[in-house]
Amino acid sequence: MSGGLKFGPHQPYDVIVCGAGHAGCEAALAAARLGADTLMLTGNLDTVAQMSCNPAIGGQAKGHMVREIDALGGEMAINTDTTAIQFRLLNASKGPAVQAPRAQCDKKAYQYRMKHVLELQANLDLFQAMVEGLIFEGDKAVGVRTNLGVEFYGKSVVVTTGTFLRGLMHVGKNQNEGGRMGDVSAKGLSASFLEAGIELERLKTGTPARILGSSINFNGLEEQKGDPDPTLFAFYDTRGIEDVFHVEQSPDGAGHSDHTLFHVEHAGQRKLGWLPGQDQVSCWMTYTSPATQQAVMDNLHLSPMYSGQIEGTGPRYCPSIEDKFVRFADKERHMLFLEPEGRNTNEWYINGLSTSLPFEVQLDLLRSIEGLEKVHMLRPAYAVEYDFAPPTQLFPSLESKKVENLFFAGQINGTSGYEEAAGQGLIAGVNAVQKIRGQEPLILKRHEAYLGVLIDDLVTKGTKEPYRMFSSRAEHRLLFNHGSAELRLFDSIRKLELLEDKRLTRIQAKKTKVEAWTERLESERRGGESYALHLRRSHSQDDFPAELSSESKEVRDEVYYRVVFKGYLEREQKQIEKLRHIDKIKLPANFDFRQVKGLRSESAQKLIQIAPRTLGQASRISGVNPADISILMVHLETR
């Protein structure tokens, strides 16, 4: 919501965001919240923040990223909490470093609430139009052309097109253009990128069939209930309850008040949602059968992935059912999860049964699964292939190396998943503003956040398949317990003024308390030993001093983590210190690696292609070895 729609070269926006998926939403909100005059364009305002696949947020490493997005002022966490219908803390029986929150959301409530947030956001205009091309001035992006013949100009452009670039959907031999079922394909923009010298390749992803919940036979299936004490994604302890919650009782027809509604106040407006954790629903677990496997193998030649019809590479870590039976032929069965798509729909999602086999084969597959013998299919499964721009063409700020003031975020960078997209969108939105203001970009380090690992992996190593974040990708993951995101990222938050002052003050107070208590437990004694030593043996917060026990749960949990795992955390910090010096050594722009004596030609070619900004980034490029880094270091010193 700004002063009115502007178009033409004499009324440029600060930032134009192309696309309104998870990346686009966070990019537009971040830019607008930094005070930039922002425009968001989408081909369909009714599908803003659409959860095209499973309406779930979080999981291993992904849940951590959502908490990092919240720490940086993003919207995904609170949007999830207020529209979730089930919460589960994964790995709850293991250590805090690997515990991760996950939530099943109400698909439509999530979408509607995010659209409302965007509509109410100051400095932000929304407009429905398909972007068909970029407008260039020399090597700079200065605006976009739309299918309406209207041109919008901007000082920076953020592209978040998801799977829509020349999107092509497959159900068996049947093909339809579109980025997802029911939506159109974006064709012209790919030509615009190629014109600018930006390379494009093809990827593929897929989604399972949707079924009618009333046709499922739940007898004999394993129920998965939500956690009675849910782990939420947003940091409410630093927001202040008075700023976030508005609860009212909504009486039913008999005059009873048994439906508690949850709202977030914004300029007198109440957003859709409910009290987090209220009235959770169950998911159910089932398995494929030998008949399922037989149906897949008998019809493998009809799968576009195996017939050669699809060119793009599919996701390694979220394979289709065809891939599962081919790659894991020794497995007798595969686990599937039946998950509801919302409170006010009877549509269900089959997690683990992605396929692009023909419609008739899909029906046979479904009815070969326990509980689905009489299932009613509402929407068929399908695969979609689309253009992406290999992300090694980007700087760590997510700005294009080929076109100045052009930023990419989300699946166009080769990633897979709502959380990866949202995180990139937030960073790209921030950096689009930083660029036009002539300020330093926000670049998170690998030891600071999963978002730092994500972006560094993309721009340094690239990807040939849809990239999904895992905890194993982060070499310093012990530092990334999900509850510490605000504290880990505090310096970045404070520098960029991403949060309002009240919340910053609360984070600073929490940080001070955590540090003071961590130090105090190392020095204060209980009997003949320090409290810290006793805690490292007992692993129980019951042994906290009474005064600490009265602190907030968030403070207690972080102190516990730092004290009990002190040895491991110190070892990580020492490793970071060893590598920190090479990350501080900057490489000159347009550095000619071919002139470095002794550097292997293969390494020089890779270094020229990636154009690393620091020696540390150069060391992480695939094919560049420690000897190459030593030669580079000597060369830089002689200069």
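How many of the residues of helix 2 are buried? Select helix 2, residues 62-71, to find out. The helix is mostly covered, with 10 of its 10 residues buried. Keep in mind during the tour that this is a predicted model.

**Stop 1: helix 2 and its two ends**

With helix 2 selected, show the side chains. The buried residues are Lys62, Gly63, His64, Met65, Val66, Arg67, Glu68, Ile69, Asp70 and Ala71. Charged residues are on that list, among them Lys62, Arg67, Glu68 and Asp70.

Now select Ala61, which sits in the loop between strand 3 (56-58) and helix 2. Its phi is near 65°, a positive value in a residue other than glycine. Ala61 has a relative accessibility of 0% and so counts as buried.

Go to the other end and select Gly73, just after helix 2. Gly73 also has a positive phi, of about 90°.

**Stop 2: helix 1 against helix 11**

Select residues 22-33, which form helix 1, and residues 418-436, which form helix 11. Two packed helices are described by the angle between their axes and by the distance between those axes. Here the angle is about 30° and the axes are 7 Å apart. Because angles under 35 degrees count as roughly parallel, helix 1 is roughly parallel to helix 11. The crossing of helix 1 and helix 11 is right-handed.

Which residues make the contact? On helix 1, pick out His22, Ala23, Glu26, Ala27, Ala30 and Ala31. On helix 11, pick out Tyr418, Ala421, Ala422, Gly425, Leu426, Gly429, Val430 and Val433. Sorted by type, the residues of this contact are 10 nonpolar, three polar and one charged.

**Stop 3: Leu496 and Glu497**

Keep helix 11 in view and add Leu496, which belongs to helix 14 (residues 490-496). Leu496 is buried, with a relative accessible area of 12%. Leaving out residues up to four places away in sequence, Leu496 touches Leu34, Val430, Gln434 and Leu442. Val430 is also one of the helix 11 residues in the contact with helix 1. To relate Leu496 to another part of the chain, draw a distance from its C-alpha to that of Asp37. These two residues are 459 residues apart along the chain, and their C-alpha atoms are separated by 17 Å.

Next select Glu497, in the loop between helix 14 and helix 15 (501-523). Is Glu497 buried or exposed? With a relative accessibility of 61%, Glu497 counts as exposed, whereas Leu496 is buried. Glu497 has a positive phi of about 55°, although it is not a glycine.

**Stop 4: the cysteines**

Select the cysteines and show their sulfur atoms. A disulfide is a covalent bond between the sulfur atoms of two cysteines. How many disulfides does a search of the whole structure find? The search finds zero.

Two cysteines can serve as examples. Cys18 is in no disulfide, and the nearest cysteine sulfur, that of Cys25, is 14 Å away. Cys18 is buried, at 3% relative accessibility. Cys283 is likewise in no disulfide, and the nearest cysteine sulfur belongs to Cys105, 11 Å away. Cys283 has a relative accessible area of 1% and is buried. Because a disulfide requires two cysteine sulfur atoms within 2.5 Å, neither of these distances qualifies.

**Stop 5: Asn299**

Select Asn299, in the loop between helix 7 (290-298) and helix 8 (304-307). Asn299 is buried, with a relative accessible area of 19%; the cut-off for buried is under 20%. Apart from neighbours within four places in sequence, Asn299 is in contact with Leu357 and Val361.

**Stop 6: two partly exposed residues**

Select Tyr112 in helix 4 (residues 107-120). Tyr112 is partly exposed, with a relative accessible area of 48%. Add Gly273, which is 161 residues from Tyr112 in sequence and 9.6 Å from it in space, C-alpha to C-alpha.

Finish at Leu579, in helix 19 (residues 566-584). Leu579 is partly exposed, with a relative accessible area of 41%. Its C-alpha lies 37 Å from that of Phe193, and the two residues are 386 residues apart in sequence.

How values were computed. Residues are numbered from 1 along each chain as its sequence is written. This is a predicted model: local features need pLDDT of at least 70, side-chain atom pairs count only at pLDDT 80 or more; totals for chains, interfaces and linings use all residues. Side-chain values use heavy atoms; hydrogens and water are left out. Axes are lines fitted to C-alpha atoms, for helices over the stretch in contact, and angles run from 0 to 180 degrees between N-to-C directions. Helices (H or I, at least four residues) and strands (E, at least two) are DSSP runs, numbered from the N terminus. Angles under 35 degrees count as roughly parallel, over 145 as roughly antiparallel, 65 to 115 as roughly perpendicular and the rest as oblique. A crossing is left-handed if the near helix is turned anticlockwise from the far one by less than a right angle, and right-handed if clockwise. Contact means heavy atoms within 4.5 Å. Buried means under 20% relative accessible area, exposed over 50%, partly exposed in between (1.4 Å probe, protein chains only).
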